[in-house]
Amino acid sequence: MKKYGVGIFVLVLLVFLSTVLVSAEPIKLGLVGPMTGPLAPYGEGVRDGALLAAAQINANGGIMGRQIEIIVLDNQANPQETITLVNRLIQRDNIVGLVGPVISATSSVAGPQVQRQRIPMITPTATAVGVTRVGDYVFRVCYLDDHQGLAGANYATNDLGAKKAGILYKAGDAYSVGLRDVFQEQFIAAGGEVIDVAYNAGDSDFSAQLTRLKNAEVEVVYSPFYYEDAVIALKQADSIGLDAVFIGADGWDAQELLDQAGLAAVNAVFTTHYSIDDQRPIVQTFLTDFQEQYGRFPIVLAALGYDAAALMINSIDRAQSTNAQEIRAAIASTQAFEGVTGQSISLDDNGDPIKNITIIRVIEVDGAAQFEYVTQVSY
Amino acid sequence: MQRHPNHLKGSALWIFIGLALLIYVNAQVVLDNLDFYIVGVLSVIGINVILTVSLNLINGITGQLSIGHAGFMAVGAYTTALLSIHLGTPIYLNLILSGLVAGFIGFLIGLPTLRLRGDYLAIATLGFGEIIRVILQNLQFTGGSAGIGGIEWIDSFFITQIVAILTVIIIWRIGVSAPGRAMIAIREDETAAETVGINTTKFKVMAFAIGSCFAGVAGSLFAHRMTYISPDGFTFMKSIEVLVMLVLGGLGSITGAIFSAVLLTALPEFLRFVDEWRMIIYPALLVVVMIFRSQGLLGTMELDFGQVRSLLQRIISGKSGPTSELQADTGPPILPKTVSTNDADPILEVRNLSISFGGLKAVSNFNVEIKRGSLHGLIGPNGAGKTTLFNMLTGVHAPNEGEIIFKGEPIHGKTPHAVARAGIARTFQNIRLFKDLTVLDNVKVAYHMQAGYGLGTAILQPPRYGACEKQITADASRLLDVFSLSDQSMTIARNLSYGAQRRLEIARALAVSPRLLLLDEPAAGMNPQETKELIQLIRWVRDEFDLSILLIEHDMSLVMELCQTISVLDYGIKIFEGTAEQVRNEPRVIEAYLGEEVS
C-alpha cells in the first residue's frame with residue numbers, strides 16, 4: 001500500500017481541487033417565456049419573480065456554496081420557438097433545471113423535450129391539465145384549470161347559495177372553455193342550473209349575451225377570461241342592470257381591473273393564487289423586495305414565477321446535487337413547501353401542487369374599488 | 001442569375017452542390033455534440049422553406065392569391081397527430097398521407113373557386129383557414145382548443161432537410177416544365193393562356209392542390225417536431241407569416257423563397273443579443289425591403305449554375321455577350337409540313353350566330369363559310385361586332401344562338417382552350433403576349449399541348465423528358481427563325497418593338513398548330529413598309545403551314561391585296577360578302593364603311 005500512498009494523495013488533491021474549481025461555477029437554470037409580444041407582461045412578471053427568488057438566495061450565499069444563475073430566453077409565446085430554446089438551454093447552456101414556460105401551449109411542447117433529455121421542469125403558470133401528464137420530469141406550482149373551475153362552482157353553490165348560474169366564456173379559447181366545462185359540470189352536479197353564452201376573440205360588446213343572462217335571472221355569472229374582457233363585461237352588466245354576482249378566475253387578478261372597471265366591479269369575486277393581504281412573512285418580504293428591486297407592484301404571475309424558481313432551488317438544495325435525476329426526485333418528493341402562493345405546497349403523483357385557492361372580492365372603499373381577501377378554499 | 005425559372009441546365013449540379021453542402025453541415029452539426037439549438041433552428045428553417053416554396057407555386061408561379069396556407073398545414077398536422085397517436089404509424093407514412101389529405105382538400109376547395117377569375121381564391125382560402133381552425137377548436141377527438149398531445153417525437157432534422165430539398169426540386173422542376181410554363185402563362189395573361197390551348201382551371205387547381213399538399217407535409221413535420229399541437233398554431237397570422245416570407249424573397253422566385261425563409265427564420269435568432277430590439281428590426285427590415293425593392297429581394301430571378309458558369313466563361317474568354325449565329329434571311333426554314341388536303345368542304349361554317357349583351361344585339365344572324373386554305377377578310381366600322389365574332393369563334397363568349405361548325409364538328413359552347421385544341425388560334429387587337437417572359441418562352445408556352453408529357457414526367461424527369469423539352473425548344477426556335485425573332489429569343493417580350501410583338505403573337509398562335517388562324521388587326525400600328533412585309537408573311541404562313549386565315553383589318557390595302565373573300569359587318573349584321581373587287585364597288589359597303597376613301 002505504501003508505494004501507492006503518494007499517488008492516492010495526489011489523486012485526492014486533484015479531486016478536491018477540481019471540486020473547488022467546479023464549485024465556483026454557478027448552478028445554471030433556464031427560464032423560457034414571452035418577453036416580447038402581447039403576452040410580454042406575463043413573461044416579464046414570471047421572470048422578475050424568478051430572478052428575485054434567485055437573488056434572495058444568492059444574497060445569502062447561494063446553495064451548496066454556489067450561486068444560482070437563471071438564463072432567460074424570449075420565446076414570444078411561440079411553441080415552435082420554445083422547442084428550439086429549451087433544447088438550446090439543455091444542450092448548450094447545460095442547465096440543470098427549467099423554470100417555465102409561461103403559457104400552456106408552450107409548456108405542452110416543452111414537456112416532451114425535457115422528459116426526453118431528463119431535465120426537470122417546473123412551470124409556474126401553465127394551468128392546462130395535459131402539461132404535466134407527459135412524464136415524471138414535468139411539474140408545476142400553479143393549480144390546474146380544473147381546480148379553479150371546481151373552486152368557483154363550489155363557492156357559488158356553498159357560499160353564495162346560487163341555484164342558477166350563467167357562464168360567459170370565450171369560444172375557442174382553451175383556458176376559457178376548460179374552466180367553463182369544469183364549472184358547468186360541478187355546478188349541475190350540485191343541483192344547479194346553467195345557461196352558457198359565448199363570445200368570440202376580438203368581440204368588444206357582450207350586451208346581447210348579458211341581456212340573455214339577465215332575462216334568465218341568473219344569480220351568478222361565471223366569467224373565465226382575462227381582465228381586459230372582464231372590464232367590458234362588468235361595465236356592460238352594470239349599464240343593463242344585471243345584478244348577478246360575477247365570479248372570475250385568476251385572469252382577473254390585476255390592478256388594471258380596478259382602474260378600468262371602477263365601481264362596476266364592486267361585489268365581483270374571483271379565484272386566484274394568493275392575496276397581498278396575507279400576512280405571512282414570505283408574502284410580505286416578496287412584496288417589499290419586489291417593489292424595491294423593480295420599482296413596481298408585482299403581477300400575480302410574478303408570485304408564481306417566484307415560487308417555481310424557489311421550489312427548484314430548494315429541491316437542488318435538498319438533493320445536495322446538481323444531478324438532474326436527483327433534483328427530479330427531490331422535486332417529486334416535495335412536502336409542505338412554503339411559497340408565496342401557498343402556505344403548504346405538496347406535489348402529487350402527476351407533479352401537480354396540492355394547495356389552497358384564494359378567493360378575492362372587490363369592495364368599495366371611499367368611493368374607489370379595492371380588492372379584499374375573502375377566504376381560502378381547497379379542492 | 002437569370003430571370004424566370006425556365007432554363008435550368010445546371011439545376012442538377014446545383015442540387016448536388018446543395019446536397020453536398022447540407023450533408024457537410026449536418027455532419028458538422030452531428031460532430032458538434034448534437035447541438036439541438038442549431039439543429040432546431042435548421043429544422044424550423046426547413047419547415048418554413050417547404051411552406052414558402054409551396055406557396056410560391058400557387059401565388060408566385062401561377063399568380064393565384066392564396067392566404068390560407070396555415071389551414072392546409074393544420075390539416076396535415078392534425079392528420080399526422082391522429083395517425084401517430086391512434087395507429088402509431090411511422091413518420092414516412094404520415095408525411096405522405098398528410099400531404100395527400102391536404103392536397104385532396106386543396107383540390108376540393110380549388111375546383112369551384114378557381115373556375116372563376118379574380119380574387120375569389122383569396123376569399124375562399126381565407127374562409128377555409130378560419131373554418132378549419134374553428135372546426136378543430138370544437139371537435140372532441142382533436143382535443144378542441146386545448147390541442148392534442150402525445151405525438152411521437154422524431155428528431156426530424158435530417159428528414160426535414162431531405163423533404164425540404166425534395167420540395168424545392170419538385171416545385172422547381174414543375175416550374176421549368178411544360179405544365180409549369182402553362183402555370184406561368186396563367187399568371188401573365190389568363191385569356192391569352194386559354195387561347196393557346198391551356199386549360200386554365202385544370203392548371204390552377206393542379207398548382208393549388210400541389211401547393212396545399214406540401215403545406216400538409218410541412219404540417220406533418222411540424223407535428224412530429226412539436227409533439228403537441230393546438231388550433232392556435234394555425235391562425236391567419238401564420239398564413240400571413242408565410243406570405244410575408246414569399247413576398248420578401250420575391251413572388252415567383254423559388255431561390256428568393258428559400259433565401260427569405262432562411263433569413264426571416266434565422267434573423268431573430270441571430271439578433272437575440274439585442275433583446276427586445278430584435279422584434280423591431282424584423283418589421284423594420286420588411287418596410288425597408290418593400291420601399292427599396294418592392295418586387296422582393298430577388299424579384300422573379302432564379303439562381304442558375306449554368307448562367308453563372310457561362311458568365312464566368314465569358315469573363316475569362318473576354319467575350320461580350322453570347323455568340324449567336326446570324327440568321328440568313330434567304331430561304332425560309334423547312335417546317336414540319338402537314339399533308340395538304342384538297343377537300344372542298346369548308347373548314348369553318350357559321351350559321352345564324354347571334355349574341356347580345358344586356359339587350360344590345362352585338363352580332364345577329366351571322367353566316368359565313370371559310371374554305372380550306374383561303375384568306376378571308378372581315379371588315380366593318382368600329383363597333384360593328386368583329387372582335388365579338390372572334391370571341392365567339394374562339395369560345396371566349398358563348399353565342400346566344402347559332403352554330404359554329406369547325407372541320408365538321410360543332411364547337412360552339414366549348415371553352416377557349418378546347419377550341420384552341422380543336423385547331424383555331426388567334427391574335428388580339430391589343431396584343432396579349434406573356435409580357436414578362438422571354439420571346440422563346442412565349443412560343444414554348446404554346447407548345448404546351450404538343451409537349452407530350454405530364455406532371456409525373458416533369459417531376460421525375462426521365463430521359464424522355466429531356467428529349468421532349470429539346471424538341472419543344474427546337475420547334476420554338478425554328479418558328480422564331482421564320483419570324484426573324486431568333487436574335488431576340490432571350491429578350492423579354494415587353495421590350496420588343498411593336499412590329500416584333502405582332503410577329504411574335506402570330507408565331508405563338510402558330511405554335512398551337514392551328515388549321516384556322518384568326519388575326520385581329522395584325523397591321524395596326526405598323527408603318528407601310530412593315531405592312532408590306534406583313535402581307536408577304538401572312539401569305540407565306542398560309543402556304544407554309546397549310547392553314548386558313550380569317551382576319552380583321554382596317555388597312556384596306558392589306559385586305560384588298562390579301563383576301564379572296566371579304567365579309568362586311570355593320571351593326572352586328574353582315575351586309576355584304578364578296579371578292580375585293582365586288583366589295584369595292586358595292587354601294588352598301590361604301591355607304592356604311594368605305595365612304596370616300598376608296599371611291
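**Strand β7(B) and the fold of chain A**

Student: What makes β7(B) and β12(B) a pair of strands?

Tutor: Strand β7(B) and strand β12 (residues 548-552) of chain B run parallel and are joined by four bridges. Strands are DSSP runs of E, at least two residues long, and helices are runs of H or I, at least four, each numbered from the N terminus. Two strands pair if DSSP finds at least two bridges between them, so four bridges qualify. Leu375(B) stands opposite Ile549(B) in β12(B).

This is a predicted model: local features need pLDDT of at least 70 and side-chain atom pairs pLDDT 80 or more, while totals for chains, interfaces and linings use all residues. Residues are numbered from 1 along each chain as its sequence is written, and chains are lettered from A and ligands numbered from 1 in written order.

Student: How do you know that β7(B) also pairs with β13(B)?

Tutor: Strand β13 (residues 565-570) of chain B shares four bridges with β7(B) in the parallel sense. His376(B) has Thr565(B) as its bridge partner there.

Student: Why is β7(B) called mostly covered?

Tutor: A residue is buried if 20 or more other C-beta atoms, placed from the backbone, lie within 10 Å of its own, exposed if 12 or fewer, and partly exposed in between. In β7(B) (residues 375-379), five of five residues are buried. Leu375(B), Gly377(B) and Ile379(B) point one way, His376(B) and Leu378(B) the other.

Student: How do you know whether the radius of gyration of chain A agrees with that of a compact globule?

Tutor: The radius is taken over C-alpha atoms, and the globule rule is 2.2 Å times the number of residues to the power 0.38. For 379 residues this gives a value near 21 Å; chain A has 23 Å, which agrees.
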